[in-house]
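Work through the exercises below with the sequence and the structure open. Each task is followed by its solution in steps.

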Amino acid sequence: LPVIFFTGSLTAVLSCISGWFLARNGEYDSVTVSRHQWMGILTALASAVQYVIYRGFSLQQKQLHIIAAVMILVITITGHLGGTLTHGSGYLSKAFAGEGSEVIPRKPIPDINEAVLYSDVVQPVLEAKCYGCHGPSKQKGRLRLDMQENILKGGEDGKAVVGGKPDESLMIERIMLPLSNEDHMPPKEKSQLSADEIAILHWWISTGARFDAKVKDLAVTEKISPVLKS
């Protein structure tokens, strides 16, 4: 047990150090990072105290159980916050419910011509396939796709969306890369965009990437018309 407690304490400190370096890239939600950071530090301190108490004091079995219970609690909270950073909020409940992290219910669109292209058609695609890496909890490449100003701002590699120029938009460029390419988006282990979803994003950008335009106000081509209806 002393060896286990010492090893756990040492690796907890190393985890804090590596986590601190990882958090410096700015890809994660700052509030959740801060909570995870302090809980990680508390875990490291608690594990060190546990080791010192076990080696230096003669405690009753009940007291050792209380210390162990505290350790389990802080490790659980720290791990949950880490999981939230990596997989997004609500990941645990979705796992227990047997739901995929990208399964997002989409509201029916009674009349596609009256639909606002971005909020009714494009945003649900981004939410289902992109928010996991570029949403509120995580911003890979410092790119966030859940807010209009952030979409237009782009990330550290450049503009994700260039209105009227889909071929110059990194969003389309990364989606169209071969699945084996490490820059392909979404990552190959995640749910991929369908051909219709890609066509929607391409058409939205080619029509100017407007956030308030209705479908009826845009030039609907023969190619995109059946996609919109579906």
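**Exercise 1.** In this predicted model, find which residues of the largest nonpolar core touch the most other members, and which helices supply the core.

Solution.
Step 1. The largest nonpolar core has 32 residues, and those touching the most other members are Leu117, Leu126, Leu201 and Trp204.
Step 2. At least two residues of this core come from each of helix H5 (117–129), helix H8 (170–176), helix H9 (195–206) and helix H10 (225–229).
Step 3. H5 gives the largest share, six residues.
Step 4. A second core, separate from this one, consists of five residues, among them Met39, Ala46, Val74 and Leu81.

**Exercise 2.** List the contacts of Leu201 and of Met171, leaving aside neighbours within four places in sequence, and decide whether Met171 is buried or exposed.

Solution.
Step 1. For Leu201 the contacts are Val122, Val125, Leu126, Met171, Ile172, Ile175 and Leu193.
Step 2. Met171 is part of helix H8, and its contacts are Leu126, Leu145, Ala160, Val161, Leu201 and Ile205.
Step 3. The relative accessible area of Met171 is 9%. Buried means under 20%, so Met171 is buried.
Step 4. As a distance check, the C-alpha atoms of Met171 and Val33 are 26 Å apart, with their positions 138 residues apart along the chain.

**Exercise 3.** Describe the surroundings of Thr43, and state whether Thr43 is buried or exposed.

Solution.
Step 1. Thr43 sits in helix H2 (residues 30–56).
Step 2. Its relative accessibility is 10%, so Thr43 counts as buried.
Step 3. A polar atom of the Thr43 side chain is 2.8 Å from the backbone oxygen of Met39.
Step 4. Not counting residues up to four places away in sequence, Thr43 touches Met71, Val74, Ile75 and Thr78.

**Exercise 4.** Which residues make the nonpolar surface patch of about 690 Å², and how is Trp20 classed by accessibility?

Solution.
Step 1. The patch is made by Phe6, Leu10, Val13, Leu14, Ile17, Trp20 and Phe21.
Step 2. Trp20 belongs to helix H1 (residues 2–23).
Step 3. Its relative accessibility is 46%, so Trp20 counts as partly exposed.
Step 4. For background, nonpolar side chains in soluble globular proteins tend to be buried together.

**Exercise 5.** Locate Leu1 and state whether Leu1 is buried or exposed.

Solution.
Step 1. Leu1 falls in the segment before H1.
Step 2. With a relative accessible area of 54%, Leu1 is exposed, because the cut-off for exposed is over 50%.
Step 3. Between the C-alpha atoms of Leu1 and Tyr54 the separation is 8.8 Å, although these residues are 53 residues apart along the chain.

Notes. Residues numbered from 1 in each chain as written. Predicted model: local features only at pLDDT ≥ 70, side-chain atom pairs only at ≥ 80, totals over all residues. Heavy atoms only, no water. Patch = residues over 30% accessible without salt bridge, like charges linked within 9 Å, V, L, I, M, F, W, Y side chains within 5 Å. Areas by Shrake-Rupley, 256 points an atom, 1.4 Å probe, with all protein chains shown as cover. Salt bridge = Lys/Arg side-chain N within 4 Å of Asp/Glu carboxyl O. Helix = DSSP H or I, 4+ residues; strand = E, 2+ residues; numbered from the N terminus. Buried < 20%, exposed > 50% of the residue type's maximum accessible area, 1.4 Å probe, protein only. Core = buried A, V, L, I, M, F, W, Y, C linked by side-chain atoms within 4.5 Å. Contact = heavy atoms within 4.5 Å. Polar contact = N/O pair within 3.5 Å; in protein donor to acceptor, adjacent residues only side chain to side chain.
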